[in-house]
Amino acid sequence: MTHSALTLEPVTPDDGEALLVMAHAFHAEDGHRLSDAGVDAVRAVCRGDPMAAGFFLRFGTVRVGYAVLTFGFSIEHGGRDGFIDDLYVLPQARGQGLGTAAMALLEAVAAVHGVQALHLEVEGGNARAEALYRRRGYRATARKLMSKRLAR
């Protein structure tokens, strides 16, 4: 399957509930529930937050998943960078190359937005996703991602 068989459908303000259904499923599958702050963030993506771009993955007429690309800035990487915050393919649609196709499309969108480096994280134990990311050229770095919640 080539990436031309899959399209990215930008989310709209009317897509909040449909995107939340998939986001809840994705987070449950990863072993952590979508928090109230996460629900608010999904809705902000649908409303067009300038720091994020949300998409449904569409194969023909069927939505088969979703992705969220976020934007930041990195001195180390020479300017704008991006983060594939969520990438989810419905279980029944897996194994058809859709994840690979989605990655290619997201990388193209990031490039159009001037992204110099694209980052992602993979849940420990998700060997299938890690293999996909490695095939696309993503590598683990010697650095650890550390986080501190400032709100809520």
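Glycine 79 sits in strand S4 of this predicted model. Its relative accessibility is 6%, so glycine 79 counts as buried. Outside its close sequence neighbours, glycine 79 touches Gly72, Phe73, Ser74 and Gln116. The partner Gln116 is 37 residues away along the chain, yet the two C-alpha atoms are separated by 6.5 Å.

Serine 74, one of the residues touched by glycine 79, belongs to strand S3. Serine 74 is buried because its relative accessibility, 11%, falls under the 20% cut-off. Beyond four places in sequence, the contacts of serine 74 are Gly79 and Asp81. The serine 74 side chain also meets two backbone nitrogens. The nitrogen of histidine 77 lies at 3.0 Å. That of glutamate 76 lies 3.4 Å from a polar atom of the same side chain.

Valine 68 is a second residue of strand S3 considered here. With a relative accessible area of 8%, valine 68 is under the 20% limit and is therefore buried. Its contacts, leaving out residues up to four places away, are Val45, Ala52, Ala53, Gly54, Phe83, Ile84, Asp85 and Asp86. Aspartate 14 stands 54 residues from valine 68 in sequence, and the C-alpha atoms of the pair are 16 Å apart.

Leucine 120 lies in strand S5. In contact with leucine 120, once neighbours within four places are set aside, are Phe83, Ile84, Met103, Tyr133 and Tyr138. Phe83 and Ile84 are also touched by valine 68. Aspartate 85 is 35 residues from leucine 120 along the chain, but their C-alpha atoms are 6.5 Å apart.

The helices come next. Helix H2 covers residues 36-46. In H2, Gly38, Val39, Val42, Ala44, Val45 and Cys46 are buried. These buried residues pack against H1, S2 and S3. Val45 is among the contacts of valine 68. Aspartate 36, also in H2, presents the opposite case. Its relative accessible area is 52%, over the 50% cut-off, so aspartate 36 is exposed. The C-alpha of aspartate 36 is separated by 32 Å from that of glycine 60, although their positions lie 24 residues apart in the numbering. After H2 comes glycine 48, with a positive phi near 95°.

Helix H3 spans residues 98-112. Its 15 residues should extend 21 Å at 1.5 Å a residue, and the end C-alpha atoms are 21 Å apart, which agrees. The buried residues of H3 are Leu98, Gly99, Ala101, Ala102, Met103, Ala104, Leu105, Leu106, Val109 and Ala110. They pack against strands S1, S2, S3, S4 and S5 and against helix H4. Met103 of this set is in contact with leucine 120. Just after H3, glycine 114 adopts a positive phi of about 80°.

The largest pocket holds about 1400 Å³ of space. Its lining comprises 49 residues, with Phe26, Asp30, Asp85, Asp86 and Leu87 nearest the centre. Helices H1, H2, H3 and H4 and strands S3 and S4 each give two or more residues to this lining. Strand S4 gives the most, with seven. By class, the lining has 24 nonpolar, twelve polar and 13 charged residues. Asp85 and Asp86, named among those nearest the centre, are both contacts of valine 68.

The second largest pocket has a volume of about 840 Å³. It is lined by 23 residues, and those nearest its centre are Phe83, His119, Leu120, Arg139 and Thr141. At least two lining residues come from each of S3, S4, S5 and H4. Nine of the lining residues are nonpolar, six polar and eight charged. Phe83 and Leu120, both listed nearest the centre of this pocket, are in contact with each other.

How values were computed: Residues are numbered from 1 along each chain as its sequence is written. This is a predicted model: local features need pLDDT of at least 70, side-chain atom pairs count only at pLDDT 80 or more; totals for chains, interfaces and linings use all residues. Side-chain values use heavy atoms; hydrogens and water are left out. On a 1 Å grid over the protein atoms alone, a cavity is a set of points where a 1.4 Å probe fits but cannot get out, and a pocket is an open set with protein on both sides within 12 Å along at least five of seven lines; lining residues have an atom within 4 Å of a point. Grid points are joined across faces, edges and corners, and a volume is the space filled by probe spheres set on the points. Helices (H or I, at least four residues) and strands (E, at least two) are DSSP runs, numbered from the N terminus. Ala, Val, Leu, Ile, Met, Phe, Trp, Tyr, Cys and Pro count as nonpolar, Asp, Glu, Lys and Arg as charged, and the others, Gly among them, as polar. Buried means under 20% relative accessible area, exposed over 50%, partly exposed in between (1.4 Å probe, protein chains only). A polar contact is a pair of N or O atoms within 3.5 Å; within protein, one must be able to donate a hydrogen and the other to accept it, and residues adjacent in sequence count only if both atoms are side-chain atoms. Contact means heavy atoms within 4.5 Å. The expected span of a helix is 1.5 Å times one less than its number of residues.
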